[in-house]
Amino acid sequence: AANNHVQQYTSLTMKATNIFPLTFVAAKLLLVPSTSTATAFVSSKQMFATTKHMKSMDSAPLAVSLSSDISIESDTSAAISAAQKQKELEQFPRTKLAHLPTPLEYCPRLSEALNGVNIYIKRDDCTGLATGGNKARKLEWLMAEAVEQGAEYVMTQGATQSNHCRQTAAAAAKLGLKCHILLEERVKGDADYNENGNVMLDDLFGASREKRGPNLDMAAELEAVAEEYRKKGHNVYVIPGGGSNPTGALGYVNCAYELVQQIEELGIPVDHICHATGSTGTQAGLVTGLKACGSTIPLLGYGVRFAKDIQEAKVFTLAKATAEKIGMPDCVDAEDVVVDSNYVGPGYGTPAESTIEAIRMFAELEGLLLDPVYSAKGAAGLIDYCRKGHFKPGENVVYLHTGGAVALHGYLHYFQK
């Protein structure tokens, strides 16, 4: 409550349940008009002080007294900046492909299992395009650029079970473009891996495809094929692996702005944001967007392929280029890019025991599906950080779910009981 509205809300009684922390419920109930453009909230620290006792209280009634001596927080500068900067992104061509904004969802059972760390999932598995996933955000900007350039074909590349290739094929089908993809055999797989999951959907969306062996320069391979098509008179737009260039990263600059505003609307003081990081575009866009709008929430990427130093350098390079693109060239420093690659396991695309545990835990506790290549390895890092106390009980952690559950169908033998 704020200003003269305090008296209207001097006594509020609500039921505290195991479904939501009090803060989540109260943040929705206590939104009131204010005399400024900023939304006023009861102090987040005061609100969150009550959540430590939620489980022991079970469903007992909880009285919350709101009086004029309670300090009111209006620390909305990052959220206001994010809203303004979202409008600035309108200078770049964009086509609507994703269902946005995606939900920010509290996970009570997962939080309880992970030592009382409050886990919120940013549901980018719900972006809609071809079963959802993070690449839909990138493709909104990439495909718009392709259409603007009059492309007949879009071409891209990825591993056999590439979520990016699947969503690119779907976006091309939706926009009436032809799609040709190169699939790299990074992992030796069985028939399910090579024909099911994302590969099956590539075919359903009408994409043509070629196979390549492991350890090739896939960017060079892709450009060589695109040049062959151009010599035949076709207008080809090339999308790098993962959609990870400054244009694609705009999708996650926008996601950062969206997330900062959601966090402010819920009134939750977030301590950490984390996610899986692979081709770098998601992390580069997020860190650029967070820094550009003045957010101080630390961002952590759990690597799924490369060593920490290599991945951090790759992300920082793209973040600098992305920051330049949005007109804020100095907003990201090297120390803003943090990667932990301890959860890669045996290698890219090969699940570790912690990967499978994460998939089962998210499914059994929250009904959420992860994929064995990206999101589950990031979730394995999240789980381990909670167990080891890197994320502490009572802290609020947002995990960005990048989607990819379609790939589970390429890994069936890992789940046979």
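## Briefing on the predicted fold

The protein contains 15 helices and 14 strands, and the model described here is a predicted one. Of its 417 residues, 57% are buried. The points below take up the protein as a whole and then one of its sheets, together with a helix that lies across that sheet.

**Whole protein**

- When contacts between residues at least 6 apart in sequence are considered, 82% of them join residues that are at least 24 apart.
- The exposed area of the protein comes to about 17,400 Å², and 51% of this area is supplied by carbon and sulfur atoms.

**The four-stranded sheet**

- Four strands, in the order β9-β8-β7-β10, make up an open sheet in which the pairing is parallel.
- At the edges of this sheet stand β9, covering residues 208-212, and β10, covering residues 236-238, each of which pairs on one side only.
- Neighbouring strands here are turned against each other by 25° on average, with direction ignored.
- In general, the strands of a sheet pair through backbone hydrogen bonds, and they may do so in either a parallel or an antiparallel manner.

**The β8 and β9 pair**

- Strand β8, which spans residues 178-184, runs parallel to β9 and is joined to β9 by 5 bridges.
- One residue pair can be named across the two strands, since L183 has K211 in β9 as its bridge partner.

**The helix across the sheet**

- Helix α10, formed by residues 218-231, lies across β7, β8, β9 and β10.
- Relative to β7, which comprises residues 153-159, helix α10 runs at about 155°.

Terms used: Residues are numbered from 1 along each chain as its sequence is written. This is a predicted model: local features need pLDDT of at least 70, side-chain atom pairs count only at pLDDT 80 or more; totals for chains, interfaces and linings use all residues. Side-chain values use heavy atoms; hydrogens and water are left out. Two strands pair if DSSP finds at least two bridges between them. Axes are lines fitted to C-alpha atoms, for helices over the stretch in contact, and angles run from 0 to 180 degrees between N-to-C directions. Contact means heavy atoms within 4.5 Å. Buried means under 20% relative accessible area, exposed over 50%, partly exposed in between (1.4 Å probe, protein chains only). Accessible areas come from the Shrake-Rupley method with a 1.4 Å probe; for residues, only the protein chains shown count as cover.
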